[in-house]
Amino acid sequence: VLLQQPYRTAFHFQPPQNWMNDPNGPMYYNGVYHFFYQHNPREAQFGSGNLSWGHAVSYNLVDWVYLEHALNPTDPFDINGCWSGSATILPDGTPAILYTGVDSQSREVQNLAIAKNPSDPYLREWIKSHHNPLMVPVDGIGTRFFRDPTTAWQGPDGKWRVIIGSEINGHGTALLYQSDDFVTWSKSPKPLHFSDATKMWECPDFYPVSVNGTNGLDTSVMDTNTKHVLKASINMDNYMRDSYVIGTYEPETDEFVVDVDFKDKSVDLRYDYGVFYASKTFYDSLKRRRVMWGWVLEADSKLDDINKGWAGLQSFPRSILLDESGKQLTQWPIREIESLRTEEVNIQNKEIEGGAEFEITGITASQADVEVSFHIPNLDDAELLLREWRDPEALCRIKNASAGGKIGPFGLMVLASDNLAEHADIFFRIYKGNDKHVVLMCSDQSRSSLREEVEKTTYGAFIDVDPSQNLSLRSLIDHSIIESFGGRGKTCITARAYPKVAVGNAARLYAFNYGTESIVISSLSAWSMKPAQLSPLHERTKSQ
Ligand code: FRU
């Protein structure tokens, strides 16, 4: 019996089978994009001791060729798992990987692997250094709190720097190490940064962003027109988040002064306010941009994962820039995604009256890219934002898509069944705050499936935009994932949905407005998406 796979994605990266978590070591090298990932080759569940580095290559970040695993747990310094890490291209052109190994004593240690043959376009073989482990948990570092090295950068003194995620005295910490030769590393007396507002920092990332340019920057670039971003993946009892701060880094002293720290809950900067974790960026020197990958967890039950034979997705790669305000980042799916667009529908200047919805037909609604721009004719009657509504996610749960309002909820219903028994909703509501309007963005999964056992979490965030200008929403819909970008990528929310009925050709797409005030769709474009090609090397023909 052939297993039906209605939830596998068409243009999001996933391995042929079994468990995947963090993105590892992404890089662009000699005309080829490399993507590695935490993979349990044995089963569709996390298995810390079995983790290997899966490996795939691409010429366009859309279509991928699966290769053999790059790193497997084979040596005393990684026998209990090859965990997350990053790639650095050394000045002589050698691609190097720093990764965490869980050693024979279950300690987390940092290891080096070098591409065996840098002229192999696919970099299929990796040699682990005989100097491994390069860094071990000593000087009060907990043996289980020492992992996930970043891409290294070089200071003006020529020394390499790398940060390692840790928790010291209960505080999330980015430990800083330095090296002259990439092999012998010594710990700086001072960490790059730490926070008593968080615990363990997993998968830190640290990179420059241009203050007013539109290009991304290579990791070692430092000048006065540069700010630095520090991201930490924080796994607390009740959430998993990729949170970041923006600051100024002095490469001479390794001083990092942040503008607004992790502690300041009034800001709460996150890459994504939905399900998105352990992300990693890399500098794409071909297109001069910084590109980000993030792990998107399952919402299906463990048993379903096992029955399906796979678990875990990657977000579609996003290019990342500092927002004009300088206060946050913006993200946008890399342009190459547009090569997958096929049938297109367009709508212009269409009013949606209060309480109305309409279906957008003519595309494959389970596999689509939708861009919409809303105009709000009258902002005067916006509801007041109450003081107790500080938590946008909680507000999205109370004021869900079916709770009528004044200006909003308006937005898209995706992966909807034709009787609307199932639908996931991405929408906005506009409130009147103290001195300006406040825009709430929600991704409401509460009615996304008639199945009981799947998670149907609702996510939400405020977007720092002026609603008297057009308000934009883009959603990438791919069978069991919905990635949404509000305000041209100022606020991103990724969600999973496991509909029972609204699968494949049965899925529909609607626009709706359940506020009392009319809303105008100034423009809407939606496309069916072709599937990306993901296949093992031997199945490739020359023409591909
Ligand atoms: C984050 C993480 C990393 C670790 C890896 C193990 O999801 O826990 O800290 O290196 O996954 O798979």
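I began with the ligand, one oxygen atom of which lies 2.7 Å from an N or O atom in the side chain of Arg147. I count such a pair of N or O atoms as a polar contact when it is within 3.5 Å.

I noted that the model is predicted, with local features requiring pLDDT of at least 70, side-chain atom pairs counting only at pLDDT 80 or more, and totals for chains, interfaces and linings using all residues. Residues are numbered from 1 along each chain as its sequence is written, and side-chain values use heavy atoms, without hydrogens and water.

I then looked up two further side chains. An oxygen atom of the ligand is 2.8 Å from an N or O atom in the side chain of Asp22, and for the side chain of Asn21 the corresponding value is 3.0 Å.

I next recorded how far the ligand is covered. On its own it has 320 Å² of accessible area (Shrake-Rupley method, 1.4 Å probe), and the protein covers 93% of this.

I listed the shell by class: 5 nonpolar, 3 polar and 4 charged residues. Among the residues surrounding the ligand (a heavy atom within 4 Å) are Phe46, Trp83, Glu202 and Tyr277.

I turned to Ser210, which lies in strand S15, residues 202-210 (strands are DSSP runs of E, at least two residues, numbered from the N terminus). Ser210 counts as buried because its relative accessibility is 14%, the limit being under 20% with a 1.4 Å probe and protein chains only. Its side chain reaches the backbone nitrogen of Gly213 at 2.9 Å. Beyond its neighbours within four places in sequence, Ser210 is in contact (heavy atoms within 4.5 Å) with Asn215, Leu217, Asn225 and Leu322.

Terms used: Helix = DSSP H or I, 4+ residues; strand = E, 2+ residues; numbered from the N terminus. Buried < 20%, exposed > 50% of the residue type's maximum accessible area, 1.4 Å probe, protein only. Polar contact = N/O pair within 3.5 Å; in protein donor to acceptor, adjacent residues only side chain to side chain. Nonpolar A, V, L, I, M, F, W, Y, C, P; charged D, E, K, R; others polar.
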